[in-house]
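Thanks for coming, everyone. I would like to take a few minutes to walk through one model, so please have a look at it before I start.

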Amino acid sequence: MESLAGLIAQTPLTADDQKKANAAIGAGFAYGLAAIGPGIGIGYVVGKAIEAMARQPEAAGMVRTTMFLGIAFTEALALIGFVVFILLGL
Amino acid sequence: MLALEFPPINEVIRWQDLFTSFNKIAMIACAASLIGIVIYLIAARRDPMVAPTGVRNLAETGVEFIEDQIVMQTMGKEGLGWTPFLLSIFIFVYLCNVPGIIPIIYMPATGRMAIPLFLAVIVWLTYNTVGFKHNGISYLTGMLWPRNVPVAMRPLVGLIEFLSNILLRPFSLAVRLFANMLAGHMLLVTFCLLTNALFFAETKQLILRPMSVLPFAMLLFLTAFEVLVGFLQAYIFTILTGVYIGLAAHPEH
């Protein structure tokens with residue numbers, strides 16, 4: 001209950017606080033949006049790789065190497081989002 | 001009410017300098033290179049005709065892993081001369097990643113931008129040198145004006161190729177390693193803080209204290225996950241180095 005009271009009896013935000021809050025919101029959105037595409041992409045890469053390995057188990061080694069490469073390239077976008085999140089939010 | 005203060009990023013990834021401009025990160029990096037050198041020196045001193053034991057087994061596993069999984073997959077037979085270079089990169093990056101989960105130290109040295117960036121610059125210099133050595137000036141012209149695309153597309157493809165070769169590759173190489181290790185470190189910090197805050201919460205609701213088991217379980221899981229990530233990132237860094245060197249030597253495929 002005390003937390004609710006704290007929310008209601010809030011002191012008005014200063015300009016500095018407002019700036020910080022906006023940065024935090026922006027950072028959250030930056031990371032969340034940056035994670036969508038690579039999430040779908042990595043799922044697709046790994047799914048197709050597993051399909052290929054199941055169809056042709058003797059090619060599994062080659063497929064695995066290429067899969068890691070594909071994951072690494074896809075993941076880079078999410079990681080750039082994470083770096084932006086660190087730069088903005090913390 | 002639970003008070004959960006996340007420490008500022010500088011507190012999470014920084015320590016006081018041990019001496020002037022020599023901090024724990026530098027110490028971990030020095031230790032990593034020393035450990036790698038010592039392992040391989042000891043392994044090299046054993047008699048090669050005797051069946052390998054102990055340290056030599058470990059060292060040979062490393063060499064075989066690099067040869068089979070990285071060099072043969074990316075450069076083929078003529079790339080076997082690159083094994084020592086790739087092996088030293090792999091061992092160094094791996095030993096820099098591992099302290100992220102070792103208690104007391106708990107910091108991946110690659111979680112700061114300096115080491116990944118420096119490694120990426122070394123790799124960048126290496127593959128560009130290899131490209132010029134193997135192809136002469138046609139390394140640059142073939143990159144800017146690619147022969148095997150339609151003429152109308154050449155400026156665009158050339159620009160993309162040039163940017164990707166010169167700027168994006170070293171950047172993404174460095175950022176990938178750095179951000180992965182930093183993200184793992186931040187996750188560990190977050191769950192440590194949650195466990196701590198729940199366990200020592202000054203609250204009348206006693207249910208909160210046993211609930212600290214939940215973030216602790218997640219912490220254990222993430223530690224195990226970080227073991228995998230540390231290895232995987234070293235592997236990816238090395239294999240991308242191999243791919244870039246192979247592409248620079250033979251740009252046609």
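Which exposed residues does the face of H2(B) turned away from its buried side carry? Before I answer, please keep in mind that this is a predicted model. The residues on that face are B:Cys30, B:Leu34, B:Val38, B:Leu41 and B:Arg45.

Turning to the buried side of H2(B), we find B:Ile25, B:Ile28, B:Ala29, B:Ala32 and B:Tyr40, and because they cover an arc of only 105° around the axis, they sit on the same side of H2(B). As a general reminder, an α-helix has 3.6 residues a turn, so residues three or four places apart point the same way. The buried residues of H2(B) pack against three helices of chain B, namely H3 (54-74), H4 (83-97) and H5 (114-135).

A useful link from here is B:Ala109, which touches B:Ile25, B:Ile28, B:Ala29 and B:Ala32, and also B:Cys96, B:Pro99 and B:Ile115, leaving aside residues up to four places away in sequence. B:Ala109 also belongs to the largest nonpolar core, which has 53 residues, and it is among those that touch the most other members, together with B:Leu86, B:Phe90, B:Val93, B:Cys96 and B:Phe237. H3 of chain A is one of the helices that supply at least two residues of this core, while H4(B) gives the most, with 10 residues.

That brings me to the interface, where 15 residues of chain A are in contact with 14 residues of chain B. On the chain A side, H3(A) gives the most, with 12 residues, and the residues of that side divide into 11 nonpolar, two polar and two charged.

Conventions:
Residues are numbered from 1 along each chain as its sequence is written. Chains are lettered from A and ligands numbered from 1 in the order in which they are written. This is a predicted model: local features need pLDDT of at least 70, side-chain atom pairs count only at pLDDT 80 or more; totals for chains, interfaces and linings use all residues. Two residues are in contact if their C-beta atoms, placed from the backbone, lie within 7 Å. Helices (H or I, at least four residues) and strands (E, at least two) are DSSP runs, numbered from the N terminus. Ala, Val, Leu, Ile, Met, Phe, Trp, Tyr, Cys and Pro count as nonpolar, Asp, Glu, Lys and Arg as charged, and the others, Gly among them, as polar. A residue is buried if 20 or more other C-beta atoms lie within 10 Å of its own, exposed if 12 or fewer, and partly exposed in between; C-beta atoms are placed from the backbone. The arc is that of the directions from the helix axis to the C-beta atoms. A nonpolar core is a set of buried Ala, Val, Leu, Ile, Met, Phe, Trp, Tyr and Cys residues joined through C-beta atoms within 7 Å.
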